[in-house]
Amino acid sequence: MKKIIVLIFMLTCLNNSYAAKVYNADVVVVGAGGSGNAAAVQAAQLGAKVIVLEKQAAAGGNANFCEGIFGADSKFQRSQNLPNVSKEDLFNKIMDFNHYKGDPLLVSAFVNQSADTIEWLQSLGVKIDGVFLEADSRTYTWHRFNGLCRAMTETLIKSYPKYGIQLMLETEAKDVIMKDGKAVGVKAFNVEDGDIVINAKAVIIGTGGFVSNAEMLKKYADFKGPITAIGAKNRTGDGIRMALAAGAKPEGLGTVQYHSPSPRFAGFAGIERRKTGFGFNQPVLWVNSFGKRFVNEYEVRNFSIAGNAAVRQKNGLVIKLLDSAVIDQYEKEGLDFVGGVNPRVPFTNLLRDIEADVQAGNVVKANTIEDLAKQLNKKFGTEIDPKILQATVDQTNHAYDKNFDDLFFKPRKVLHSFRTPPYYAIATYPAALGTVGGIRVDENCQAVDNDFHPIPGLFVVGADAGGMYGDTYDIIVAGETIGFAVNSGRLAAKHAVATYVK
Amino acid sequence: MKKIILMIVSLIILAFFLTAYAEDKQAGKITGKHKEAGLSCSDCHKEKTPSARPSQKVCRDCHGDMTDTKSKVYKDIAGHEVTFNPHYTHTGSMRCTLCHKMHSTSELYCNTGCHHKFQVKVP
Ligand SMILES: Cc1cc2nc3c(=O)[nH]c(=O)nc-3n(C[C@H](O)[C@H](O)[C@H](O)COP(=O)(O)OP(=O)(O)OC[C@H]3O[C@@H](n4cnc5c(N)ncnc54)[C@H](O)[C@@H]3O)c2cc1C
């Protein structure tokens, strides 16, 4: 008897779980991040009924972390009279950097729409403080949000009710529903409702790439060891997988947005984090597993380039070194490289924090170069010959004394000697802000198939799309990732509504 | 064949629910304001003997979406003042039960799910 009851119960369970809840929309957007939120609002403004699916409990994705957005020939740039920021200048700069490994139609659409996008954001209530030079190698394209990108996300999300956009959190998209070669919806899983189906006339995918997916990184990235992801959690490449399964052609899958190599112990966003990480991420002296310099350390300000240099080294291991004189200088005068638009202020208590990390076993401390090499070899598995490290240190000191680095031509203003013990060293490893390639799209951000034909109803935006970059994120044009996210979202939304909804 | 597998799976799931229920039976107490207000189990669980966590829809049916609540000044662990409304932030309208636990201590999802250290008491 009991068994029969159980059986009946099970069957009812089965029936229930099979009746997936169905929603209908004109446009379904996958991912409520930088690209998805822009796509949703733009599509709804043009009259579409929009449903947004977000896997996380909280919306925003990486657009909760960024600060400023790209613009070419914007009102801000004009009123600030900034040089080299015409559409022509920036189109050429981007195409030069990617040497036509990027798609000129897509880049052109992006550059041409970017100033309008800034005004569009303003019309929604997003505030911009002005254009800043984010580091001295960059271009004046970084339009900094008042309240950073988080404020932009907040403004977009809060406009959802006004536009009738339905945001479904804790809802993981699983598959694009294809019918007769067209994308007609998405299958998803909601934490409370289980399996759901969203039928739609167009699908816009913006799930932020795959930097948290170790397997995909191993498959596509040039560096095959572990890569620490900085930023939002759970960027597992879902959108790219879904689009590939729907027949889309891949493009730029290996383009990792490397960051300056980072210590593994610290994580990045921890508020209570000690100053050690920043203190070492400076253009002082970086050596590889063999005790040799391998980069103009001032590339630290161009993180994707510093990252490229690092991942070429054995195990991606980079030892960053400070001597006591430079620590003292940083404490008194501030760091060489600050980042963002933060002012250069005395970096007090750096030594205290470094010493705390010596105690915690994160930092190596030594009084002689020989002991330094010995300790590093023992602790981090480097193979540093003390004589080679000594020669590297000699070259550094020589460059400082002559005020000229004849090895990598590091700028004079950041030359330092390395003579004052105790010496401190930290091991750093490859890290990335994200991946910035995935699916081949046309200039409307519509996915194309392996025959280069657009797939009806399927759009891929933001970090899931390929075509903006070559093999390296073009850091010299600041604000380009969130810029591409927002602009690609708008491009896709406009085309999706015009072609499949109206 | 497929059906048999499904049956086995559902059996396992069922067994899981039954044990979970047995363990939580005592934990399933109504506390605080809900007790004062005289709520019963079925007000949230919509079933005579609660066997699964209810949907947040039940919270919203009584409380609304809370989007009309006001921002307040809170402090983080470092003493910095931050002004926000826990029910209306940049993250969208989050599931009520991420923060409000009905049978255990509530927590601020901003702290547990992210890196924040806001000092906020969650009822
Ligand atoms: C620390 C940091 C600082 C940055 N600073 C800048 C800056 O100053 N300027 C700049 O230009 N760029 C910056 N960026 C990069 C920028 O934030 C990103 O490029 C941008 O947010 C990418 O937008 P996106 O929509 O492609 O992805 P995201 O914003 O990451 O959004 C993707 C969303 O999709 C969701 N998702 C994933 N899978 C699924 C699924 N299966 N179903 C449903 N949802 C799913 C994710 O949870 C996420 O919310 C920064 C990034 C970081 C990490």
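Mentor: Quick ground rule: helices (H or I, at least four residues) and strands (E, at least two) are DSSP runs, numbered from the N terminus. This is a predicted model, where local features need pLDDT of at least 70, side-chain atom pairs count only at pLDDT 80 or more, and totals for chains, interfaces and linings use all residues. Residues are numbered from 1 along each chain as its sequence is written, chains are lettered from A and ligands numbered from 1 in the order in which they are written, and side-chain values use heavy atoms, with hydrogens and water left out.

Trainee: Okay, in what order do the elements of chain B run from the N terminus on?

Mentor: Chain B has six helices and three strands. Reading from the N terminus on, they go α-α-α-α-β-β-α-α-β.

Trainee: Over to the ligand: which element gives the largest share of the shell around it?

Mentor: The ligand is surrounded by 35 residues, counting a residue if one of its heavy atoms lies within 4 Å. A:Ser35 is among the closest, and one of its polar side-chain atoms sits 2.5 Å from a ligand oxygen atom, a polar contact (a pair of N or O atoms within 3.5 Å). Helix H2 (34-45), strand E8 (171-179) and helix H16 (480-501) of chain A are the elements giving two or more residues to that shell. The largest share, four residues, is from H16(A).

Trainee: And how much of the ligand does the protein bury?

Mentor: Backbone helps hold the picture together here: an N or O backbone atom of A:Gly206 is 3.4 Å from an oxygen atom of the ligand. Taken alone, the ligand exposes 1,000 Å² (Shrake-Rupley method, 1.4 Å probe). The share of that buried by the protein is 92%.

Trainee: Where does the largest nonpolar core lie?

Mentor: That core is a set of buried Ala, Val, Leu, Ile, Met, Phe, Trp, Tyr and Cys residues joined through side-chain atoms within 4.5 Å, buried being under 20% relative accessible area, exposed over 50% and partly exposed in between (1.4 Å probe, protein chains only). It has 111 residues, and H16(A) gives the largest share, ten. Both domains of chain A, with bounds from an automatic or database domain assignment, give residues to this core, so it lies between domain 1 (22-255 + 436-501) and domain 2 (257-432).

Trainee: Last one: is A:Thr207 buried or partly exposed?

Mentor: A:Thr207 is in the loop between strand E11 (202-205) and helix H8 (214-220) of chain A. Its relative accessible area is 22%, so A:Thr207 is partly exposed.

Note on methods
A polar contact is a pair of N or O atoms within 3.5 Å; within protein, one must be able to donate a hydrogen and the other to accept it, and residues adjacent in sequence count only if both atoms are side-chain atoms.
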